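Grab a pencil and work through a few short exercises on the protein shown here. Try each task yourself before reading the solution.

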Amino acid sequence: MKFSSYLDPNLIFTDLKGKNPEEIIVEMIEKIAEKDKKVKASKTLIEEAVIKREKEISTGIGHGIAIPHARIENLNDFIVAIGLLDEAVECEIAATHQNDKVNLVFLIISDVLKNKNILKVMSAVSKLALKQGDLLEKIKAERNPKKVIEYFNKANIEFEHKIVAEDVLSPDVKPATPDNTLEEIAKRLILEETSGLPVVDKNGKFLGEITERELIDYGMPDYLSLMGDLNFLTVGEPFEEYLMNESKVTIEKLYRVSDEIVIDGKTPIMEICFIMVNKGITRLYVVDNGKYHGMIKRSDIIKKVLHI
């Protein structure tokens with residue numbers, strides 16, 4: 001099924017006046033309620049649910065896009081409305097502590113059991129932003145609803161029936177490279193609040209991952225691995241070698257290589273969960289034809305599947 005099949009020109013709004021995400025949400029739901037009896041009957045409940053979800057974690061995804069949404073019990077419907085804003089509103093990019101100027105809003109109202117559909121729409125919009133930037137800018141500039149749908153038809157984004165790796169990956173994690181220093185990696189792990197990063201070569205070929213473990217291991221004296229009891233151990237300056245070399249030593253010989261952490265873009269969500277739960281793996285890297293496409297963390301499963 002094409003993404004454009006979910007769109008209705010009557011639910012594409014180009015005259016929104018809201019000055020912040022909450023005002024835009026309320027305004028869009030008001031307009032949807034004028035055209036949909038189910039939404040009108042539950043308008044207050046829907047407004048409260050969408051705003052509550054937005055306050056929990058912002059639905060801004062970058063590229064000037066936000067996707068506010070909520071699942072409503074017994075709605076038995078799936079509605080996608082689009083708001084094209086003349087005046088961008090400021091919105092946080094989800095879980096990044098960074099703000100974005102949003103001028104394109106996809107508002108999704110769904111039955112509680114249609115979370116797969118929500119995830120598919122989010123994935124489709126992300127793909128459009130990442131792979132068809134020029135077309136995205138034309139959509140943002142357009143004010144004719146029918147023309148907007150024509151552009152989405154042109155984007156030719158197809159939905160699969162099952163949730164797969166490419167639907168839940170985080171494509172915006174900047175990979176490390178073998179010439180990065182220990183200091184550079186340590187700073188990124190702290191600032192990006194992650195415990196590991198993908199490593200790629202200059203052509204984007206996936207090489208492996210660098211994690212907190214490799215940095216800590218580098219700082220430990222080699223002889224410690226030969227000792228069975230460290231209670232009597234006295235060490236001068238902890239991590240002395242690391243501190244002396246953090247700005248000079250690169251990760252070229254430190255990053256970890258393992259086939260267990262690599263999956264392709266079509267790997268089903270349940271297989272991903274099985275690998276994470278039964279093999280204790282916290283991060284998986286999506287790689288197709290050797291090229292890195294994104295990372296999936298356990299938190300992505302929670303955020304994008306279980307708490308959508």
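Below are five exercises, each followed by a worked solution.

A word on the ground rules: this is a predicted model, where local features need pLDDT of at least 70, side-chain atom pairs count only at pLDDT 80 or more, and totals for chains, interfaces and linings use all residues. Residues are numbered from 1 along each chain as its sequence is written, and side-chain values use heavy atoms, leaving out hydrogens and water.

**Exercise 1. Overall picture**

Describe the protein as a whole: its secondary structure, its box and its buried share.

Solution.
- Step one: count 12 helices and 11 strands. These are DSSP runs (H or I, at least four residues, for helices; E, at least two, for strands), numbered from the N terminus.
- Step two: box the C-alpha atoms along the principal axes, and you get roughly 75 × 40 × 35 Å.
- Step three: of the 308 residues, 46% are buried. Buried means under 20% relative accessible area, exposed over 50%, and partly exposed in between (1.4 Å probe, protein chains only).
- Step four: look at contacts, meaning heavy atoms within 4.5 Å. Among those with a separation of 6 or more, 67% link residues 24 or more positions apart.

**Exercise 2. Two helix pairs**

Work out how α5 is oriented towards α6, and how α4 is oriented towards α5.

Solution.
- Step one: α5 (residues 133-141) and α6 (residues 145-155) pack at about 170°, and their axes are 9 Å apart. That angle makes α5 roughly antiparallel to α6. The axes are lines fitted to C-alpha atoms, for helices over the stretch in contact, and angles run from 0 to 180 degrees between N-to-C directions. The cut-offs are under 35 degrees for roughly parallel, over 145 for roughly antiparallel and 65 to 115 for roughly perpendicular, with the rest oblique.
- Step two: find who touches whom. From α5 come L135, K138 and I139, and they meet V148, Y151, F152, K154 and A155 in α6.
- Step three: turn to α4 (residues 115-131), whose axis comes within 5 Å of that of α5 and crosses it at roughly 110°. So α4 is roughly perpendicular to α5. Here L128, A129 and K131 of α4 make the contact with G133, L135, L136 and I139 of α5.

**Exercise 3. A residue before the first strand**

Is L7 buried or exposed, and what does L7 contact beyond its sequence neighbours?

Solution.
- Step one: place L7 in the segment before β1 (12-13).
- Step two: its relative accessible area is 10%, so L7 is buried.
- Step three: setting aside neighbours within four places in sequence, L7 touches V80, I82, I149 and F152.
- Step four: check a distance too. L7 and K146 are 139 residues apart along the chain, yet 9.9 Å separates their C-alpha atoms.

**Exercise 4. A glycine in a strand**

Find G60 and list its contacts.

Solution.
- Step one: G60 sits in strand β2 (residues 60-62).
- Step two: with 4% relative accessible area, G60 is buried.
- Step three: beyond four places in sequence, its contacts are I65, A66, C91, E92, I93 and A94.

**Exercise 5. Positive phi**

Where do E193 and N289 lie, and are they buried or exposed?

Solution.
- Step one: E193 is not a glycine, but its phi is positive, near 50°. E193 lies in the loop between α8 (182-191) and β7 (196-200), and at 58% relative accessibility E193 is exposed.
- Step two: N289, again not a glycine, has a positive phi near 55°. N289 lies in the loop between β10 (283-288) and β11 (291-297), and its 82% relative accessibility makes N289 exposed.
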